[in-house]
There are 2 protein chains.
Amino acid sequence: MTQKLNNVKEFVNSIDTFIFDCDGVLWLGSTIVEKAVETLQYLRALKKDIKFVTNNSTKTREQFMEKIKSYGIECYLNEIYGSSFGTAIYLNKIGFNNKKVFIIGEYGLQKELNDQNIQTVKEVTRLNDGIDNVQNIQVESDIGAVVVGMDTCLTYQKAVYAHKAIVENNALFIATNTDTSYPIKNGKSIPGAGSIVSMISTSTAKQPIIIGKPETLLLDLIIEKDKLNRERTCMIGDRLDTDILFGINGNIKTLLVLTGISKLEEISQPNSPIIPNYYTDTVSDLLLHKE
Amino acid sequence: MTQKLNNVKEFVNSIDTFIFDCDGVLWLGSTIVEKAVETLQYLRALKKDIKFVTNNSTKTREQFMEKIKSYGIECYLNEIYGSSFGTAIYLNKIGFNNKKVFIIGEYGLQKELNDQNIQTVKEVTRLNDGIDNVQNIQVESDIGAVVVGMDTCLTYQKAVYAHKAIVENNALFIATNTDTSYPIKNGKSIPGAGSIVSMISTSTAKQPIIIGKPETLLLDLIIEKDKLNRERTCMIGDRLDTDILFGINGNIKTLLVLTGISKLEEISQPNSPIIPNYYTDTVSDLLLHKE
């Protein structure tokens with residue numbers, strides 16, 4: 001059972017840490033949500049703890065921080081959790097070392113792994129195309145994991161390398177996230193990390209370990225690193241199937257804002273599969289508390 | 001309920017048309033199955049109708065015929081049905097014309113479509129990588145279908161083009177086949193057409209029309225073109241999930257040979273999901289009829 005966020009004061013008092021999804025919540029493409037800046041300032045003034053979570057694996061935390069700041073939002077590096085950073089932390093946590101990671105992904109993913117002292121291989125020497133040639137692609141014996149994220153430089157050769165590493169080396173198969181498409185300008189989309197993950201998962205018949213929302217790994221990392229109280233932590237997002245499910249899976253509070261993807265109709269049916277604790281029109285409704 | 005092929009004479013008499021899967025049935029990689037050549041000669045001597053069916057979309061029928069002949073097997077062009085040829089026939093059958101097909105696939109697919117007077121686009125002008133660049137890929141307005149097969153030249157840019165054609169142009173989405181992996185030498189594999197199909201299907205949230213085994217389109221085409229009697233037609237294959245299911249779906253007889261992928265254990269359980277009418281050790285068991 002969901003409820004409209006009516007008693008804002010009580011709600012804000014009950015939460016110490018607000019975890020924000022960004023696009024669809026704080027901004028829409030290049031446009032900041034009205035009074036989003038003031039809302040975050042207000043929460044900071046109340047000494048609330050702020051986190052920003054992104055499934056986007058293409059940017060480093062630094063790059064993501066610069067993006068947040070470009071909207072005029074105050075932000076610090078240790079508040080940012082992305083699926084690339086999460087992947088690096090996860091690999092170190094499970095004691096992955098002395099081996100290398102093969103990456104299908106962009107600079108941000110490589111940089112975050114390297115910053116955590118994980119060695120990466122990113123490019124496949126491009127053999128001539130054709131099955132007679134690509135079948136000769138050899139995987140280095142010290143590849144112990146394959147990490148798949150969004151990659152605008154994806155080639156069939158990279159897919160062969162990832163496939164062989166997983167099948168022949170028994171390498172770990174990790175997905176930064178499984179967002180099926182990637183939103184671009186004018187409301188259009190292009191294939192997302194999840195579609196590339198699907199290719200590798202289909203060819204190898206293996207399921208990946210998934211770092212990003214709605215899986216719990218990234219949230220567990222935040223909770224553990226900052227010793228948060230799940231009871232007093234809230235995920236604020238615009239998507240039921242990623243953000244809100246992420247909060248539900250992680251056993252924290254959830255607030256759906258209606259500025260992005262998911263619509264009120266989706267949670268107002270009695271058989272709706274994903275139900276947030278609260279919903280409200282826009283993140284700046286939290287400002288009401290001020291009055 | 002399956003049965004071992006004991007009464008070969010009766011079986012051969014009951015069938016007019018034998019449809020053969022090739023790899024795993026007539027040959028194993030570069031090695032011909034013992035007496036496979038003689039078996040086919042024998043069936044031809046009995047005036048049986050022979051067909052060769054392949055899911056491989058990378059070769060033209062001519063190229064596939066040359067391959068069959070290279071094993072010493074007698075073979076004619078009109079006996080060969082491949083998923084690329086099937087795609088071309090299907091497109092003409094549904095009256096697809098005046099529009100172009102975007103291909104993710106190899107030369108064989110392009111050639112078969114062009115031979116049936118279907119215009120194709122195969123390459124995307126490679127914009128610089130990075131989301132800011134690839135999002136500017138524009139799809140020609142006259143692209144009416146996307147055909148996805150095995151493609152060792154796959155790039156992310158091609159995936160973007162296919163995605164946009166399907167989502168923005170509402171182009172037909174056709175898969176030559178959905179084989180998840182592609183067998184290569186030494187018992188190894190690389191990603192197959194089905195893995196590429198899965199990427200596009202995941203990103204667009206659309207299911208393709210599938211031409212190849214085990215779907216019925218290719219078999220219906222053979223039956224219709226050559227006016228075959230389903231009762232007196234038999235599919236001979238080594239894989240339950242493609243060949244035998246293809247025969248079952250198409251309501252013809254099925255014979256599993258044990259020289260390839262599927263094993264006797266898989267059909268001897270009472271709850272086995274895919275059961276051939278008959279099974280036998282090797283295709284050359286059909287020669288027994290001679291004695």
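A crossover counts as right-handed if, with the strands pointing away from the viewer, the path from the first strand over the helix to the second runs clockwise. Helices (H or I, at least four residues) and strands (E, at least two) are DSSP runs, numbered from the N terminus.

Before we start: this is a predicted model, in which local features need pLDDT of at least 70, side-chain atom pairs count only at pLDDT 80 or more, and totals for chains, interfaces and linings use all residues. Residues are numbered from 1 along each chain as its sequence is written, chains are lettered from A and ligands numbered from 1 in the order in which they are written, and side-chain values use heavy atoms, with hydrogens and water left out.

**Exercise 1. Place strand β15 of chain A in its surroundings.**

Step 1: Begin with the unit. β14(A), helix α10 (residues 240-249) of chain A and β15(A) form a right-handed β-α-β unit.

Step 2: Look at one neighbour. Strand β14 (residues 233-237) of chain A runs parallel to β15(A), joined by 4 bridges; two strands pair if DSSP finds at least two bridges between them. Here Ile236(A) has Leu255(A) as its bridge partner.

Step 3: Turn to another neighbour. Strand β16 (residues 278-280) of chain A also pairs with β15(A) in the parallel sense, over 3 bridges, and Leu255(A) stands opposite Tyr278(A).

Step 4: Check burial (buried is under 20% relative accessible area, exposed over 50%, partly exposed in between; 1.4 Å probe, protein chains only). Of the 5 residues of β15(A), residues 253-257, 4 are buried, so the strand is largely enclosed by the rest of the structure.

**Exercise 2. Find how chain B relates to chain A.**

Step 1: Superpose the copies by least squares on the C-alpha atoms of residues with pLDDT of at least 70 in both. A turn of 180° and a shift of 0.0 Å along the axis lay chain B on chain A with an RMSD of 0.1 Å.

Step 2: Interpret the operation. The two copies are therefore related as by a two-fold rotation axis.

Step 3: Compare contacts (heavy atoms within 4.5 Å). The same surface serves both copies, as 100% of the contact residues of chain B recur in chain A.

**Exercise 3. Pick out unusual backbone geometry in chain B.**

Step 1: Inspect omega. Lys213(B) and Pro214(B) are joined by a cis peptide bond, with omega about 5°.

Step 2: Inspect phi. Lys47(B), not a glycine, has a positive phi of about 65°; Lys47(B) is exposed, at 74% relative accessible area.
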